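Q: I have a protein model open beside its sequence, and I would like to learn how to read its features one at a time. Could you take me through them?

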Amino acid sequence: MMIEEKKKILTRLRQQIAAAQGFKPVPITTGDGFGLGPIEACFPNNVFPTGTIHEFLAEQPEDAAASEGFIAGLLAKLMENGNSCLWISRNRKLFPPSLEAFGVDPQQIIFLDLYYIKEILWAMEEALKCEGLACVIAELPDIDFAQSRRLQLATEKSHVTGILLRKEPKRSLSATACTARWQITPQPTEISAGIPGVGNPRWEVNLRKVKNGEGGRFYVEWAEDRFATFETQDTKPQPQAIPMLERGLIA
């Protein structure tokens, strides 16, 4: 009983701290949130935080492709109200039609290709001020705390969700003002007996940092147009991992 009471007190304190820091998660009212199951319990109030900045670390090309697949699954929920998304890239490899496999209409996404990091950060900050957008995604290697703080302040006013996809970062452990830090890696697919081809996309989802929440490691797949968690079987022989770039996500 004492442990349960301490958990309740800790939850209330986190909610108070989050409110004092201006954290106002906007709940998804339809369905069961983002369908991430136990992952959503890591966030304050057990709600996936929208209207804030999420950071994804991708140290290898296959991790970047896996991250893009997972982000596409999130976009399916963020964009269900019909609003558009802005995707800013430095060296875009994404194959837009592949997003349809995750329930995302690529025609609702505005792709902007820029080279200089300063231009990418400026474009993202300005886009985050546009309340009509569902999400703004930017690909870049690194970002410092001051730059991430500017993005966080912009999204707190507009409630537009921002996603930073940091490809091959040189400072992966640098401090940022982002609400959550993710690391997605591809996992072996599971193929049904007698059916040729590859199985559903699977990922190891490592939630490395959550503001006022708990991190954790989870195993998730995209099946039947939604996320689903699965258990790993270390004692069972695993099929070869098939990175998302081999599934057509990357051109």
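Q: Which strands does helix 2 lie across, and at about what angle does helix 2 run to strand 6?
A: In this predicted model, helix 2 lies across strand 1 (53-58), strand 2 (84-89), strand 3, strand 4 (133-140), strand 5 (161-167), strand 6 (180-186), strand 7, strand 8 and strand 9. Its direction makes an angle of about 120° with that of strand 6.

Q: How many residues of helix 2 are buried, and what span should its 18 residues have?
A: A residue is called buried when its relative accessible area is under 20%. By that cut-off 15 of the 18 residues of helix 2 are buried, so that the helix is mostly covered. For the span, one reckons 1.5 Å a residue, and therefore the 18 residues of helix 2 (residues 61-78) should cover 26 Å; the C-alpha atoms at its ends are 25 Å apart, which agrees.

Q: What is the order of the strands in the sheet, and which are the edge strands?
A: Strands of a sheet pair through backbone hydrogen bonds, and they may do so in a parallel or an antiparallel way. Here nine strands make an open sheet with mixed pairing, in the order 3-2-4-5-1-6-7-8-9. Strand 3 (109-113) and strand 9 (226-229) are the edge strands, each of them pairing on one side only. If direction is ignored, neighbouring strands of this sheet are turned by 25° against each other on average.

Q: Which strands does strand 6 pair with, and in what sense?
A: Strand 6 runs parallel to strand 1, to which four bridges join it, and antiparallel to strand 7, to which it is joined by seven bridges. Single residues show how these strands are set beside one another: E55 stands opposite R181 in strand 6, while W182 stands opposite L207 in strand 7. Six of the seven residues of strand 6 are buried, and therefore the strand is largely enclosed by the rest of the structure.

Q: How many bridges pair strand 7 with strand 8?
A: Strand 7 (residues 202-210) and strand 8 (residues 216-223) pair over six bridges in the antiparallel sense, and V205 has F218 of strand 8 standing opposite.

Q: How should I read a pair of aromatic rings, and how many aromatic pairs are there?
A: Such a pair of rings is described by two values, the distance of the centres and the angle of the planes. The count for this model comes to 16 aromatic pairs. One of them is formed by F56 and W182, which are stacked, with 5.5 Å from centre to centre and 5° between the planes. Since F56 lies in strand 1 and W182 in strand 6, the pair ties together parts that are 126 residues apart in sequence. F56 is buried, with a relative accessible area of 0%, and W182 is buried with a relative accessible area of 0% as well.

Q: What kind of pair do W222 and F227 form?
A: The ring centres of W222 and F227 are 5.0 Å apart and their planes stand at 85°, so this pair is edge-to-face. Both W222 and F227 are buried. These two residues also belong to one aromatic cluster, whose members include F34, F43, F56, F70, W182 and W203.

Q: Which rings have a charged end sitting over them?
A: The charged end of R90 sits over the ring of Y115, at 5.0 Å from its centre, and the charged end of R202 sits over the ring of F230, at 3.9 Å from its centre.

Q: Where does T189 lie, and how far apart in space are T189 and R202?
A: T189 lies in the loop between strand 6 and strand 7, and is buried, with a relative accessible area of 2%. Although T189 and R202 are 13 residues apart in sequence, their C-alpha atoms are 6.0 Å apart in space.

Q: What do the buried residues of helix 3 pack against?
A: Helix 3 (residues 117-128) has twelve residues, and from its first C-alpha to its last it reaches 16 Å, close to the 16 Å expected. Among its buried residues are I120, L121, M124 and L128. The buried residues of helix 3 pack against strand 1, strand 2, strand 3, strand 4, helix 4 (145-158) and strand 5.

Q: How many helices and strands does the chain have, and what part of the chain is buried?
A: The secondary structure comes to four helices and nine strands, and of the 251 residues in the chain 48% are buried.

Key
Residues numbered from 1 in each chain as written. Predicted model: local features only at pLDDT ≥ 70, side-chain atom pairs only at ≥ 80, totals over all residues. Heavy atoms only, no water. Helix = DSSP H or I, 4+ residues; strand = E, 2+ residues; numbered from the N terminus. Expected span 1.5 Å × (residues − 1). Buried < 20%, exposed > 50% of the residue type's maximum accessible area, 1.4 Å probe, protein only. Pairing = 2+ DSSP bridges. Axes fitted to C-alpha atoms, helices over the stretch in contact; angles between N-to-C directions. Contact = heavy atoms within 4.5 Å. Phe/Tyr/Trp six-rings, centres within 6.5 Å; stacked < 30°, edge-to-face > 60°. Lys NZ or Arg CZ within 6 Å of the ring centre and 35° of its normal.
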